Amino acid sequence: FGHEKQSGGIGGLTETIGANVSRTLRAKKGKMNKYFVIGDIHGCIIQLNEILEIKKKYPEHKLVFLGDYIDRGPASDSVCRKISSLGAVCLAGNHETMLISRIKRHPEQKEQTLMQAVMSEISLSWIANKLDYIFEDEDFIFVHAGLDINKSMSEQTEQDYLWTMYDGDYYQLTNKTISHGHVVVQDPVCVGNRININTGCG
């Protein structure tokens with residue numbers, strides 16, 4: 001997995017437009033960077049295609065996925081193949097890292113593990129080599145799970161991005177808005193500068 005930070009400019013308005021999706025944009029004059037953000041898909045190709053149909057209404061929005069593409073749902077491989085073809089920002093979730101760790105620990109069981117996960121070698125290679133842990137610009141931070149409130153921004157680790165469970169805001173760390181998934185909520189939750197958009201596919 002990689003680690004990437006990019007610079008640009010979005011800002012303070014978030015509009016929820018569908019399950020596991022949020023649209024973010026700068027609510028002020030000037031050039032806007034717009035994002036269409038999709039949370040945990042978990043192998044649900046039908047729901048993914050439905051969300052991507054909504055995305056067609058927002059062609060100027062950059063597509064960002066927050067990880068957890070696999071497990072639970074019936075079509076992990078199809079989800080990975082579809083997402084990998086979209087030219088989107090794709091972040092790692094804890095389910096992807098668990099799959100990679102399992103194969104590293106037991107390489108002799110790789111074929112069996114992929115069969116159980118309903119995954120192809122092509123999708124495994126994409127997961128292992130093409131996912132980032134964080135996507136950041138001057139106003140927003142996108143991660144799978146969140147940030148560790150007890151660490152500075154420079155001290156955050158991959159484990160923090162993947163496994164954090166926190167229900168407060170992040171103002172003591174940053175004024176940027178944090179968008180994440182991981183913890184399932186009935187409806188998208190906004191607490192201060194933290195937005196959870198994982199409404200539970202799979």
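User: Happy to look at this one with you! How much area does the protein expose, and what share of it do carbon and sulfur atoms supply?

Analyst: Glad to have you here. This is a predicted model. The protein exposes about 9600 Å², and 48% of that is supplied by carbon and sulfur atoms. Of its 202 residues, 52% count as buried, and the secondary structure comes to six helices and ten strands.

User: Why is Val37 called buried?

Analyst: Buried means under 20% relative accessible area. Val37 has a relative accessible area of 0%, so Val37 is buried. Val37 is found in strand E3, residues 35-38. The C-alpha atom of Val37 is separated by 4.7 Å from that of Val64, 27 residues apart along the chain.

User: What makes the buried residues of helix H5 line one face?

Analyst: In H5, residues 121-130, the buried residues are Ser123, Leu124, Trp126 and Ile127. Seen down the helix axis, they fall within an arc of 160°, so they line one face of H5. An α-helix has 3.6 residues a turn, so residues three or four places apart point the same way. On the other side of H5, Ile122, Asn129 and Lys130 are exposed.

User: And what covers the buried residues of H5?

Analyst: The cover includes three helices and a strand: H2 (76-84), H3 (94-105) and H4 (110-117), along with strand E5 (89-90).

User: How do you know that strands E6 and E7 pair?

Analyst: Pairing takes at least two bridges between the strands. E6 (residues 134-136) and E7 have three bridges, in the antiparallel sense, so the definition of pairing is met. One example is Glu136, whose bridge partner in E7 is Ile141. A hairpin of three residues joins E6 to E7.

User: In what sense does E7 pair with E8, and over how many bridges?

Analyst: E7 and E8 (residues 177-180) pair in the parallel sense, over three bridges. Here Phe140 stands opposite Thr177 in E8.

User: Which way do the residues of E7 point, and are they buried or exposed?

Analyst: From E7, residues 140-143, Phe140 and Phe142 point one way while Ile141 and Val143 point the other way, and all are buried.

User: What makes the β-α-β unit of E7, H6 and E8 right-handed?

Analyst: With the strands pointing away from the viewer, a right-handed crossover runs clockwise from the first strand over the helix to the second. The unit made by E7, helix H6 (residues 158-163) and E8 is right-handed, so its path over the helix runs clockwise in that view.

Technical notes. Residues are numbered from 1 along each chain as its sequence is written. This is a predicted model: local features need pLDDT of at least 70, side-chain atom pairs count only at pLDDT 80 or more; totals for chains, interfaces and linings use all residues. Side-chain values use heavy atoms; hydrogens and water are left out. Helices (H or I, at least four residues) and strands (E, at least two) are DSSP runs, numbered from the N terminus. Buried means under 20% relative accessible area, exposed over 50%, partly exposed in between (1.4 Å probe, protein chains only). Accessible areas come from the Shrake-Rupley method with a 1.4 Å probe; for residues, only the protein chains shown count as cover. The arc is that of the directions from the helix axis to the C-beta atoms. Contact means heavy atoms within 4.5 Å.
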